[in-house]
Structures are given as C-alpha cells and as structure tokens.
Amino acid sequence: MKRIGLFAPLFSLPNQYGIGDFSECAILFIDYLSRIRYSCWQILPLNPTDLYGSPYTPVSSFALDDIYVSLTDLKKRGLIGEIIPYMDKSKRVNYAKVRKYKEAYFNLAYDNFVKFNQSINELNEFKKKEPRIVEYATYKVLRRINKSKYWNQWKINNIDEKHQDDVNREIFKQYILFKEWGEIHNYAKEKGITIIGDLPFYVGYDSADVYFNREAFLLDEKFNPTVVAGVPPDYYSEDGQLWGNPIYDWNYLREHNFSLVVERILFTSKIYDVTRLDHFRAFDTYYEIPSDAKNAKIGEWKEAPGYELFDYLYSKKPDIQLIAEDLGDMREEVFYLRDHFNLPGMQVIQFTLIDEEIRHNSFPHVFKRENSIIYVSTHDSYTGLGWIDILDEETRNAVINYLDNTYGQHHVITNLFNYVASQPADTVILSITDILRLGKNGRINVPGVKSKNNWTFRLKDYVGLMKNEAKLVKLVTQSGRSA
C-alpha cells in the first residue's frame, strides 16, 4: 500500500519547556497523524548534538540527547516537584539556555533517584546492557574535567573515584531517556505510525565515537584528522561544504567486519522502524579534503566498500529497513549500489519537477521509481514556497501554470502536494513547514552555513496544523494513500 506521512523534527514540536521533547507534545503529534490517517513520522537524528544544535555532528551515535528529557515524565515518576515553564512562547530553540534549564531538573531527579533507591537494579542492568552508553557518560565527564578541550589535548584520561558519581549521573540520564523514547515509540506502533529516523554518515571529531574507536579513523600520530569530510561545490554552495568530520579508515574497518559503521546502523534499528542513511553516496564514493583546507574546492573522491559492508549488515539483520539518501550530484554506481540492495531512494521535486514535467526530460532511474520516497522539501532545502519565490519569473510562471492546468487553480502549495501524491513513489512525506505555507522563516537548515536559525525552527502551538486537518485528509482520500 502506498503511504503518506509528515516530516517534523522533534525539536520543532510545541510545548512549555523551550523545545519539543519526549513528552506529551510527541504523543499529541502521533495522535494528529492518526486522525488525518497519515502513517509515517519522519524525524531527524536524536543523538547528542554539537554546540550549534546540528544533529549531523553527533557526540555519540549510541546515546540520546538529554535536551529531549520530558520534565513532566520526571514529575510523574516522583523524581521532581513543580515545573516552571520556560521559553514556552519562543519561536526558536535556544539550545544553551534550554540545556541549562533542564540540567537543574535532571540533577534533582538523579539525587532523588539515589536517595529513594528507585529501580537501582534496573539501572545497573541498563549499564551492563549498554556499554556504549557507559563510554559516552565517561567521555562527557572527562571532557568536562578537561575544560571542554578536544580529546587529543586532554591531560586527564581516567575517571577517579570522586568523579564516578558524575558518570553515574550521565548514565541515569540515558536510562530515563531510553525509557521515555521507548514509550513514545511503542505508542506510535499502537497507532499504526511508522517512525522514520535518520543516521548521519559521519560522526563528530569531538565525540565518544572517535575517542573510543580512534583506530577506525584516519588520524595522525597526534590523533588529528589527516583528511576531513565534505562535498565539492554544488547547488548549495560554490565553495562546496567543508564539514570537517574525520574520515573512516576503510582498510581497518574491512578487516574488522566494518565494526563501528555496522554497529551504528544496527543501533538505529532499535530506536526507529526505518532508518534514512544520510549521505548515502559515501557508501559508494566519499570525498576526502585535506585537513588544513579552507573550503571544499580541493578534494578527492575515493571508493568505499559499500557492497561488502551491506552484505555483512544484512547477514546480521536481514529485516533491517533502510532508505538511501541519494540526492545531489550522483554517479551511476550510487544507484547500482542502492538498487542491488533494493533500497528506497529519495526524490525532492525542487530538483526534479522542472526537468521532468516542464522541460519534458526523462530520468526514469530517479523520477519514476516506485521504490522511493518523494518530498516537496526537506530539512536541507528551501520550503516549497521559499523555492517558488527564488525561481526566475519565467520558470515560476511555467511551474504554476503546469500545476494549475493539471490540478486546478488552487494555492501553489496545495498543488505541489497534489503533484507528489500523484507520483509513482511508494511514500510521500510532507513537511509541517509546507503545510503551514511558510517561506524562508520555515527553513530548518542551510547546508554548509553556520547560522543561529539552523536547527531552531519551532511551532508555538498546534493550531495551524489542526486548521489543515481537513485538507490533509482530503489528500489521503484523493490519492488513495495510507487509507
């Protein structure tokens, strides 16, 4: 059956505590999806982010970001008392302030947990079951002790007895977070909602992943990256995108069953139903940039052992559900790899509609593929209206006239929704920012640019989405998706 769903970052959901989190706001969104008969919720990575809030530079691939803790859940568990709302009307997420606000409640919750000896045995079992969480907690405390310096500059690399309680405090956070997310995930399953998660291809240098697995990366004798990740100049940036993440040592990984990479992918299958593999191209060919480069103009494409890796991955978990993010400037071999493992690809009509419908070109391996997911916009693109606004007048008129002639003279966003819903793609994902008909203010991220607006978009309430319920249900009825 063909499906339809919504894209909504968790951090964008409205509540009283400065950021969408593992609380009632997520339950309400799942209920909303159920009411409008949409069967998928696509989110962004839930891992601890970098200082800029980017979920694509994770501090750990195996931990959840403690900014998502539900304070109301802590209160229900009897671990904290009254909660003072914070930044409940703010239009943007302020990560630093929200973290500081929630930290005070988390500390109180841990102190009470220890004081009243609540579920200590369960916490100890969690520690045994999740060694990567123990690593993350250790890393976080060591980083604090070493005054937030990069780990290759640390003077102290061991936890002494006086800091062990700090490590346990961090493990407790993860214990609570996993319980909360597990309850939300189970609720979604009960409602028939598939959660589509996301896995960044790379990890951050300043991370537990690199610190505890440094042999899996290309580092020099002082543990500095010899090369870093990014992509060459493209649609998004004339200088390319210099991400700065360390590059995997594929020779080492091949000799060790692709250890860390496979483990990262398998972990996502525990917390999501389906995982979108970000930057899928790098499983075929990845871009190496000298570590001292100022931009991504100078670099070299290298081949990755994608077939070997996926063969091993599927031998470990044959039923894992994956999506290949195959957008951008691709060589044909990327599609061969995708199709060999029968992975759904992605289509974003901002990059295809003009060529396919307006200019009548034909790229069937991209545009008319049923085993794919189609979008009006994504977290990295303009919103639908933002895209229409930047088109030159001739092209904009051609797009609008084509849509009007095909679907009737409705609002351009309505017709963009009609267009994607009518395509052969198995799954349609609409963004909440497009449902609300937002322009540039609704953009989630501008790739390759450090901006205070990246990863901070936030709904103040659900009123706008609720006003659109009837229209979204009508789209389901007309398209025959998710019925």
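This report covers the nonpolar core, helix α3 and one helix pair in a predicted model.

**Core.** In soluble globular proteins, nonpolar side chains tend to be buried together. Here the largest nonpolar core has 152 residues. Phe29, Trp41 and Phe310 have the most contacts inside this core. Helix α6, residues 164-190, supplies its largest share, ten residues. Leaving aside residues up to four places away in sequence, Phe29 touches Leu6, Ala8, Leu13, Trp41, Ile432, Tyr462 and Leu465.

**Helix α3.** Residues 95-115 form helix α3, which has 21 residues. From first C-alpha to last, α3 reaches 30 Å, close to the 30 Å expected at 1.5 Å a residue. Its buried residues include the aromatic side chains Tyr95, Tyr101, Tyr105, Phe106, Tyr110 and Phe113. Lys102 and Asn112 are also buried, as are Val98 and Ala109. The cover over these buried residues includes α2 (71-76), α4 (120-129) and α6. Just after α3, Asn117 takes a positive phi of about 55°.

**Helices α9 and α10.** These two helices pack with their axes 10 Å apart, at an angle of about 45°. An angle of 45° is neither under 35 nor within 65 to 115 degrees, and α9 and α10 are therefore oblique to each other. Their crossing is right-handed. The table gives the residues that make the contact.

| Helix | Residue range | Contact residues |
|---|---|---|
| α9 | residues 259-271 | Val261, Val262, Ile265, Leu266 |
| α10 | residues 306-316 | Leu309, Tyr312, Leu313, Lys316 |

Methods: Residues numbered from 1 in each chain as written. Predicted model: local features only at pLDDT ≥ 70, side-chain atom pairs only at ≥ 80, totals over all residues. Heavy atoms only, no water. Core = buried A, V, L, I, M, F, W, Y, C linked by side-chain atoms within 4.5 Å. Buried < 20%, exposed > 50% of the residue type's maximum accessible area, 1.4 Å probe, protein only. Helix = DSSP H or I, 4+ residues; strand = E, 2+ residues; numbered from the N terminus. Contact = heavy atoms within 4.5 Å. Expected span 1.5 Å × (residues − 1). Axes fitted to C-alpha atoms, helices over the stretch in contact; angles between N-to-C directions. Parallel < 35°, antiparallel > 145°, perpendicular 65-115°, else oblique. Left-handed = near helix turned anticlockwise from the far one by under 90°.
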